[in-house]
Amino acid sequence: MLSKRLDTIAQMIDTSNVYDVGCDHALLDIYLTKEKNINCIAIDKSKDCVKKAINNCSKYNVDIKVLCNDGLNNIDLLQDSTVVISGMGTKNIINIIKNKDIETLICQSNKNIYELRKNICNLGYYIKDEKIIFDDKYYIIMKFKKGKKEYSYKQYFLGPILLNNKDDIYINYLKRLKKIIEKDIDKYDYLKKEKYMYILDEIKKEI
Ligand SMILES: C[S@@+](CC[C@H](N)C(=O)[O-])C[C@H]1O[C@@H](n2cnc3c(N)ncnc32)[C@H](O)[C@@H]1O
């Protein structure tokens, strides 16, 4: 029932409550409720998605609280909870979590992974875990906890935990990233070029 991406997120959850912001179909919540007995609160700001989620809950015969809400506005988070935000842009993710006190956050954005890591850490979180999967394209899923750790530019860019646990998928991801940077580097201004030249050198050392 679950895609590889959502299944990876599901396996990273270790709390008894989950807030799935931008739940859309609510398939993650249905799986977590049925298979892991986790209390899920499925949230989406789109009425159509909320309807879809409610229909899926009936189809799979599970009782899940589905809310039509903009992010976590006016929601007091339960203790022992994880906020999941996946399949959304980095800016949207940051807007949803800023000013919230989140114990555990799992997120997945398709773009601007450097900004995602850095901005979330600047809000007072550290990177607890990271996974990379390939399912037609690469997806990086990150788990953050409240707290502080220092990271280098390279770690924000390439992922501190992924760098420490290099597997074939990650190496192939780095090779692809290298090709993309090499193709685009001449379009960048001086400062950005300098930074990307540095990252290219670091990628070459890792692959
Ligand atoms: C591409 S879907 C991702 C669905 C699911 N999380 C996944 O990873 O497969 C993004 C969903 O986020 C919802 N969304 C976007 N911004 C939101 C916000 N601020 N609050 C709640 N839902 C939001 C959209 O309506 C859409 O259903």
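Contact here means heavy atoms within 4.5 Å. With that in hand, let's walk through this protein. The model is a predicted one, in which local features need pLDDT of at least 70 and side-chain atom pairs count only at pLDDT 80 or more, while totals for chains, interfaces and linings use all residues. Residues are numbered from 1 along each chain as its sequence is written, and side-chain values use heavy atoms, with hydrogens and water left out.

## The whole protein

The protein has nine helices and seven strands, where helices (H or I, at least four residues) and strands (E, at least two) are DSSP runs numbered from the N terminus. Its radius of gyration is 18 Å, close to the 17 Å that the globule rule gives for 207 residues, so the protein is as compact as a globular protein of that length. That radius is taken over C-alpha atoms, and the globule rule is 2.2 Å times the number of residues to the power 0.38. The C-alpha trace spans about 50 × 35 × 30 Å along its principal axes.

Half of the story is inside: 50% of the 207 residues count as buried. Buried means under 20% relative accessible area, exposed means over 50%, and partly exposed is in between (1.4 Å probe, protein chains only). If you take the contacts between residues at least 6 apart in sequence, 58% join residues at least 24 apart. The accessible surface comes to about 11200 Å², and carbon and sulfur atoms hold 45% of it; these areas come from the Shrake-Rupley method with a 1.4 Å probe, and for residues only the protein chains shown count as cover.

As for charge, the mean positions of the 37 positive and 30 negative charges are 3 Å apart. Lys and Arg count as positive and Asp and Glu as negative, without His and the chain ends, and each charge is placed at NZ of Lys, CZ of Arg, CG of Asp or CD of Glu.

## Helix α2 and strand β5

Helix α2 (residues 27–36) is mostly covered, with seven of its 10 residues buried. These are L27, L28, D29, I30, Y31, L32 and T33. Their cover includes α1 (4–11), β1 (17–21), β2 (39–44), α3 (47–59) and β4 (81–86).

Strand β4 brings us to β5, since β4 and β5 pair in the parallel sense over five bridges; two strands pair if DSSP finds at least two bridges between them. One of the bridge partners is easy to find in the model: V84 is matched with I106 in β5. Five of the five residues of β5 (residues 104–108) are buried, so this strand is largely enclosed by the rest of the structure. Both of its faces are covered, with T104, I106 and Q108 buried on one side and L105 and C107 buried on the other.

## Helix α5 and the turn at G124

In α5, the buried residues are I113, Y114, L116, R117, I120 and C121. They pack against α4 (90–97), β5, β6, β7, α6 (153–158) and α7 (160–164). Just after α5 comes G124, with a positive phi of about 105 degrees, in the loop between α5 (113–122) and β6 (125–135). Leaving aside neighbours within four places in sequence, G124 is in contact with K145, K146 and G147. G124 and K195 are 71 residues apart in sequence, and their C-alpha atoms are 25 Å apart.

## Two loop residues with positive phi

Most residues other than glycine have a negative phi. Two non-glycine residues with a positive value are N37 and D136. N37 sits in the loop between α2 and β2, and D136 in the loop between β6 and β7 (137–146).

## K154 and E206

K154 belongs to helix α6, and E206 lies in helix α9 (residues 190–206). Not counting residues up to four places away in sequence, K154 touches G159, L163, Y198, I199, E202 and E206. On the same basis, E206 touches K154, L163, K166, I171 and L174. K154 and N112 are 42 residues apart along the chain, and 14 Å separates their C-alpha atoms.

Here is how the residues discussed above are classed by accessibility:

| Residue | Relative accessibility | Class |
|---|---|---|
| K154 | 14% | buried |
| E206 | 15% | buried |
| G124 | 29% | partly exposed |
| N37 | 71% | exposed |
| D136 | 73% | exposed |
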